[in-house]
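Got your viewer open? Let's take a short walk through this model, one selection at a time.

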Amino acid sequence: MNTWSNIKKAVQISNSFWQVTQNSGLSNLAITNLGNGHHQQVNSDHRFVNMSSYSYLGLDSHPEILRQAIAALQSNGSLNTSTSRIRIQFELLGQAEQALADLIGADVITVASCAAAAQGILPLVASGALTENQPPVLVFDKNAHFCLNIMKPVCADETEVITIAHNDLEQLEAICKKYPRVAYVADGVYSTGGKAPVKELLQLQEKYGLFLLFDEAHGLSTVGKLGRGLVLDTLGEINDRTVIITSLNKGFGASGGAVFIGRRPYNEQRTLISRFAGPFLWSQRINTAGLGGILASVALHHTQELTQLQNQLQQNIEYFDSLIANDNHNDGLPIRFIQIGSEEATISIAKTLFERGFYTSPIFFPVIARGKAGLRIMLRSNISRSEIVEFAGHVNQLRANYE
């Protein structure tokens, strides 16, 4: 038992911290949207800046995305087809996927969420369906996102599963030398900060035929030409031994998730995914409004406005790094983790910050190692410099009190 997961232990260790978080008024907040990452609590006059928003470019409230979401609902006259997409689908679904494919330069299949994409794709990879019907040894980066790690027990029913230290290329290469087929599972941009060594992983792929699966939920739109993300910006054109899953409701500003695979005249990978990747063929899909939002966001990604938003985000990241010391300084990515150490101190600091008008996410085990708790900050293009200065001043002062 508990070879690949231990939910009972995770609940026992972290539930008390979650309760303290809730008692401190930092979870289950009901809010009204004031725009530009500003909110007001319902039945309260307390207003605050959201420093944990993954709308990195502020597109979640972009007027054109909202307009086209509403227009899609009105023109189709239904929120859903209420049938599996493999049986019946609105024309709008194909239009949205084709628009995404043309933007990304890859074949695209959409699904309800990035987590659903992981749930569908990982068992197929483990089975060997995407590697010439030969199951690969499946290697997970220790820091891979929860939606990937939670699939280890299912994958272990198909093939051998190994977990290695974070970004440990030496250990990964040793495994590649030992086994004829290896697949590696990692985040492109990690949800607690940092990134995968994509260039080095591609070198291992070239040398050993390594199969790569990346979760690019936090990289799409925020970086790369046309917002193609960290992995594709490094890779160029996606190949037959790389699969990318992503979220479309973070930097991209729309809804749902997607998988990116290589383009080819007859795409066997797409056929297998459409028929056997669990959530991809269930009656759960991106609804009509979300598909309209995707089309609007794709159009925006082709304009100069995207470049302007990316540049503004980079300027905010650099400015933040000049004011607050952090381990991911100068990586050009929007996620910052400020380690505090004690879970109790982390929650206390987050509570004080909220009282002062800034919401941050206190994170602790199992998201982060025990005793390594801290604040996860997500920077946006539409946060002002004065807000960054004020927030940094509060963080530095509060953190100093616990050192």
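Here come three stops, with something to select at each. Keep in mind that you're looking at a predicted model.

**Stop one: a strand residue**

Select Thr-110, which you'll find in strand S4, residues 107-111. Is Thr-110 buried or exposed? Its relative accessibility is 4%, and buried means under 20%, so Thr-110 counts as buried. Now show the side chain of Glu-97 as well: a polar contact of 2.8 Å links it to the side chain of Thr-110. Next, bring up the other residues around Thr-110. Leaving aside neighbours within four places in sequence, its contacts include Arg-85, Leu-93 and Leu-100, and also Leu-248, Phe-280 and Ile-286.

**Stop two: a helix residue**

Jump along the chain to Ala-289, in helix H11, which covers residues 288-301. Ala-289 has a relative accessible area of 18%, so it is buried too. Which residues does Ala-289 touch, not counting those up to four places away in sequence? Select Ala-69 and Leu-73, and you have them. Then add Gln-74 and check the C-alpha atoms: those of Gln-74 and Ala-289 are 9.1 Å apart, though the two positions lie 215 residues apart along the chain.

**Stop three: out to the surface**

Finally, pick Val-11 in helix H1, residues 7-23. With a relative accessible area of 45%, Val-11 is partly exposed. Add Ile-7, Phe-146 and Ile-150 to your selection, and turn on the surface: together with Val-11 they make a nonpolar patch of about 370 Å².

Key: Residues numbered from 1 in each chain as written. Predicted model: local features only at pLDDT ≥ 70, side-chain atom pairs only at ≥ 80, totals over all residues. Heavy atoms only, no water. Helix = DSSP H or I, 4+ residues; strand = E, 2+ residues; numbered from the N terminus. Buried < 20%, exposed > 50% of the residue type's maximum accessible area, 1.4 Å probe, protein only. Contact = heavy atoms within 4.5 Å. Polar contact = N/O pair within 3.5 Å; in protein donor to acceptor, adjacent residues only side chain to side chain. Patch = residues over 30% accessible without salt bridge, like charges linked within 9 Å, V, L, I, M, F, W, Y side chains within 5 Å. Areas by Shrake-Rupley, 256 points an atom, 1.4 Å probe, with all protein chains shown as cover. Salt bridge = Lys/Arg side-chain N within 4 Å of Asp/Glu carboxyl O.
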